[in-house]
Amino acid sequence: MRALILSDIHANLEALEAVLADARRRGGFDTIWCLGDTVGYGPDPGPCLDLLQDHPLLIVAGNHDYAAAGRMGVEEFNDAAAAAARWTAGLLSPQHTAFLAGLPLTATSGQFTLVHGSLRAPLWEYLLEPESALGTLERLATPYCLVGHSHIPFICRENGGFPRFVEFTEEQVFPLGEERWIINPGGVGQPRDRDPRPSYAIYDSQEFSVERRRVTYEIAKTQAKMRRAGLPQRLIDRLDYGV
Ligand code: ZN
C-alpha cells in the first residue's frame, strides 16, 4: 500500500495537480492522507476539495478549514489570512462547507496518526522544536505521527526518549524503524522553506519507508487567478519565494 501524504494545499489547484501527476508517474498511490489546511489563501478551494475526494481519502481539519467553514472565528488570523478566509467562506458550496466543518482533528490509519498542528493543540501549534515534539510524543498512541501547519518539511525521531530533528532530504528513502517518528511532508500549496516548489511525501508499507519529493508548477497561473479574485497581494507574492 502506498499513501500519498499531503499537507497545506491551501486551495492551490495547480500545485495539487502537479503533485498528483508526479506521484502517479512515479509508482502511483492507493490512498491520500491529507493533513489539513486544504483551503485558505489560494483561489480554488472547491476544485481542490473535489479533486481530493476523487481518491480514497483520509483527511483532518486545519485552522483554515474550520475558519472557512465558519466553525471558528478569524480573530487569531493575520489580516491577509482573515481576508482570504472570508473570501473562501463566501465562495464555498454548502456541501463543501459541511465537509470542512465535519473534518476530525485527528485520524489514524494503521501505525500512523494524522493531525494538522500537533497532538497537544491540533489546530494551532507549530511543531518545530523539541519541546513541542515532546508534547506530541506524550500523546501519541501509534508509532508514527504526521503533521503539517508549519509548511516546513522535517523528520523528528525519538531517540532515547528525546526528540531529534533531522532533515527530511528530498529524493531519499527513509526506512522506518523501531523509534517513533513525527514527520512533516512540507507544504503543497504554499511552501515556506524558501523553496517555492510544492513538497509531498509517499509512504510505502511494503518497503516500510517514507520519501519526500518536490515538483514544479505554473506559479504565474495560480497568481493570476488570485489577482482576479482580489486576494491580498502579499499572499500572491510569497508563492514566488516559498515563504
Ligand atoms: Zn497552512
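Here are three short exercises, with worked solutions, on a predicted model of a protein with a zinc ion.

**Exercise 1. The zinc site**

Task: Work out which protein atoms are the donors of the zinc ion, what geometry they make, and which parts of the chain they come from.

Solution:
- Start with the ligands. Look around the zinc ion and you'll find D8 (OD), H10 (NE2), D37 (OD) and H151 (NE2), at 2.1 to 2.4 Å from the metal.
- Next, the angles. The four donor atoms subtend 82 to 173° around the zinc ion. Four donors pass as tetrahedral if all angles lie between 85 and 135 degrees. The range here runs from 82 to 173°, so the arrangement goes down as irregular.
- Now read the donors along the chain: their spacing is D-x1-H-x26-D-x113-H.
- Place the last two in the fold. D37 sits in the loop between β2 (31–34) and α2 (45–53), while H151 sits in the loop between β6 (144–146) and β7 (154–159), so this pair ties together parts 114 residues apart in sequence.
- Finish with burial, where the cut-off is under 20% relative accessible area. D37 comes in at 1% relative accessibility, so count this residue as buried. H151 is buried too, with a relative accessible area of 1%.

**Exercise 2. The overall fold**

Task: Decide how the radius of gyration of the protein compares with the globule rule, and add what the contacts and surface tell you.

Solution:
- Count the elements: the protein has eight helices and twelve strands.
- Compare the radius of gyration, 17 Å, with the 18 Å that the globule rule gives for 243 residues; the two are close, so the protein is as compact as a globular protein of that length.
- For the outline, the C-alpha atoms fill a box of roughly 50 × 40 × 30 Å along the principal axes.
- Check the inside: 58% of the 243 residues count as buried.
- Then the contacts. Taking those with a separation of 6 or more, 73% link residues 24 or more positions apart.
- Last, the outside: the accessible surface is about 9800 Å², and carbon and sulfur atoms own 50% of that area.

**Exercise 3. Helix α8**

Task: Find the buried residues of helix α8 and say what they pack against.

Solution:
- Pick out the buried residues of α8 (residues 233–241): L235, I236, R238 and L239.
- See how they're spread. Their arc around the axis is only 165°, so they lie on the same side of α8.
- Look across from them: the buried residues of α8 pack against α4 (79–91) and α7 (219–229).
- Step off the end of the helix. Just after α8 comes G242, with a positive phi of about 70°.

Conventions:
Residues are numbered from 1 along each chain as its sequence is written. This is a predicted model: local features need pLDDT of at least 70, side-chain atom pairs count only at pLDDT 80 or more; totals for chains, interfaces and linings use all residues. Side-chain values use heavy atoms; hydrogens and water are left out. Donors are N, O and S atoms within 2.8 Å of the metal (3.2 Å for Na, K and Ca); water is not among the atoms, so sites may look incomplete. Four donors count as tetrahedral if all angles lie between 85 and 135 degrees; four count as square planar and six as octahedral if opposite donors are over 155 degrees apart and all others between 65 and 115; anything else is irregular. Helices (H or I, at least four residues) and strands (E, at least two) are DSSP runs, numbered from the N terminus. Buried means under 20% relative accessible area, exposed over 50%, partly exposed in between (1.4 Å probe, protein chains only). The radius of gyration is taken over C-alpha atoms; the globule rule is 2.2 Å times the number of residues to the power 0.38. Contact means heavy atoms within 4.5 Å. Accessible areas come from the Shrake-Rupley method with a 1.4 Å probe; for residues, only the protein chains shown count as cover. The arc is that of the directions from the helix axis to the C-beta atoms.
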